[in-house]
Amino acid sequence: MTETDGPSMDNNAEAADSPVAGGHSPGSVSGKAGSPGKVFEKMRGKVVLAATPIGNTADASYRLAALIENADIIAAEDTRRLYDLANRMGVHVSGQVVAYHDHNERGKADPLLDRVQEGATVLVVSDAGMPTINDPGLAIVRRAIARGLSVTCAPGPSAVLDALALSGLATDRFCYEGFLPRRHNERLKALRALKAETRTIVFYEAPHRIRESMDDLFSVFGPGRSMALARELTKDYEEVRRGTIAQIRQTVTDDPPRGEIVLVIAGASAEEAAQVTGQVSPAASAEGLAREAVRYSEMHNVKVKDAIVRIVQEHPLPDGSLPNRKKVYAAVLALKDVGAEDTGPEGIKGA
């Protein structure tokens with residue numbers, strides 16, 4: 001898993017000198033008769049997406065070792081990290097290695113697939129985890145499908161599934177949302193859109209934004225929703241913090257987490273989901289919000305403009321955005337005109 005301005009979930013030195021998968025030398029996994037499980041069979045004309053370790057080199061599979069040794073072409077997110085991984089696994093890279101990352105994957109997809117069409121095996125790997133999951137790879141998959149070429153996966157480590165399994169939260173239904181948006185307003189919009197989500201929600205987050213993100217989770221989901229914060233999964237300093245949003249938020253303040261972070265949030269209860277759904281309909285119309293703003297203004301002795309700001313924030317739309325305040329204010333003015341005789345010459349306060 002990678003993000004442009006965040007650190008990559010890199011492999012640590014743990015088990016760096018150990019052979020792959022339980023003490024068997026990966027150099028023996030060449031697909032010859034008698035090799036363990038015949039993990040590699042020469043696949044002509046195929047794209048293989050292979051998961052790489054997210055922290056512990058010993059998690060690398062026999063199949064990954066065989067693919068690295070035997071693939072005709074390896075498309076790697078970072079070629080230096082590929083060679084470093086191969087060195088720690090004790091395998092030799094025999095095929096052509098090309099850089100394949102976010103900035104060039106669209107342009108590289110078809111030339112690589114031309115080689116597949118000629119019979120080559122193209123192995124796609126990211127720095128850590130499975131290609132396409134917050135990593136390069138989607139472009140070549142889509143183009144391979146469009147061109148009728150074969151694509152398969154060599155599965156392996158996954159930060160999403162590890163964090164979900166360790167969270168203690170429901171695993172039968174979940175949704176993965178990738179990295180939270182970097183900007184505060186966009187992050188709030190994204191979270192509001194998920195407030196009524198009943199499935200367990202999984203996010204990635206970078207350590208330099210975790211405090212702001214926890215503040216926004218607290219603001220949108222409230223203090224009592226259960227969650228887990230997992231960091232440095234499969235590494236020496238792996239840690240999983242479990243509790244309510246308020247509790248985890250406090251730990252982030254007291255002991256800021258370092259390394260790659262996965263957030264797992266409990267889904268909304270049926271009551272919470274129903275309440276959120278009720279907030280957006282039908283009162284979320286401009287006229288409905290205008291009436292609420294007027295009532296709030298009168299009850300709390302504040303200007304209508306200030307009341308509108310509050311009411312709009314309490315009624316996000318289904319996509320997470322907020323209703324247009326100008327339209328709500330126009331609806332307030334319309335109510336003022338309709339009710340001028342009842343409200344007197346001063347009209348509605350602050351309008």
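Which way do α7 and α8 cross, right-handed or left-handed? Let's keep that one in mind, everyone, while we look around. A quick reminder before we start: this is a predicted model.

I'll begin with the sheet. Five strands make it up, and it is an open sheet with mixed pairing, running in the order β6-β7-β10-β8-β9. At the edges sit β6, residues 174-179, and β9, residues 239-244, each pairing on one side only. From one strand to the next, the twist averages 15°.

Now zoom in on one pair. β7, residues 200-205, and β10, residues 261-265, are antiparallel partners over 5 bridges. If you'd like a spot to click on, find Glu205, whose bridge partner in β10 is Ile261. Packed on this sheet is helix α8, residues 210-221, which touches β7, β10 and β8 (226-231). The direction of α8 makes about 5° with that of β10.

That brings us back to the helices. Two packed helices are described by the angle between their axes and the distance between the axes. Here, the axes of α7, residues 184-193, and α8 come within 10 Å and cross at roughly 40°. An angle between 35 and 65 degrees counts as oblique, so α7 and α8 are oblique to each other. And the answer to my opening puzzle: α7 passes α8 in a right-handed crossing.

Who is doing the touching? On the α7 side we have His184, Arg187, Leu188, Leu191 and Arg192. They meet Glu212, Ser213, Asp216, Leu217, Val220 and Phe221 of α8. By type, that contact divides into 5 nonpolar, 2 polar and 4 charged residues.

Thanks, folks, happy to chat!

Methods:
Residues are numbered from 1 along each chain as its sequence is written. This is a predicted model: local features need pLDDT of at least 70, side-chain atom pairs count only at pLDDT 80 or more; totals for chains, interfaces and linings use all residues. Side-chain values use heavy atoms; hydrogens and water are left out. Two strands pair if DSSP finds at least two bridges between them. Helices (H or I, at least four residues) and strands (E, at least two) are DSSP runs, numbered from the N terminus. Axes are lines fitted to C-alpha atoms, for helices over the stretch in contact, and angles run from 0 to 180 degrees between N-to-C directions. Contact means heavy atoms within 4.5 Å. Angles under 35 degrees count as roughly parallel, over 145 as roughly antiparallel, 65 to 115 as roughly perpendicular and the rest as oblique. A crossing is left-handed if the near helix is turned anticlockwise from the far one by less than a right angle, and right-handed if clockwise. Ala, Val, Leu, Ile, Met, Phe, Trp, Tyr, Cys and Pro count as nonpolar, Asp, Glu, Lys and Arg as charged, and the others, Gly among them, as polar.
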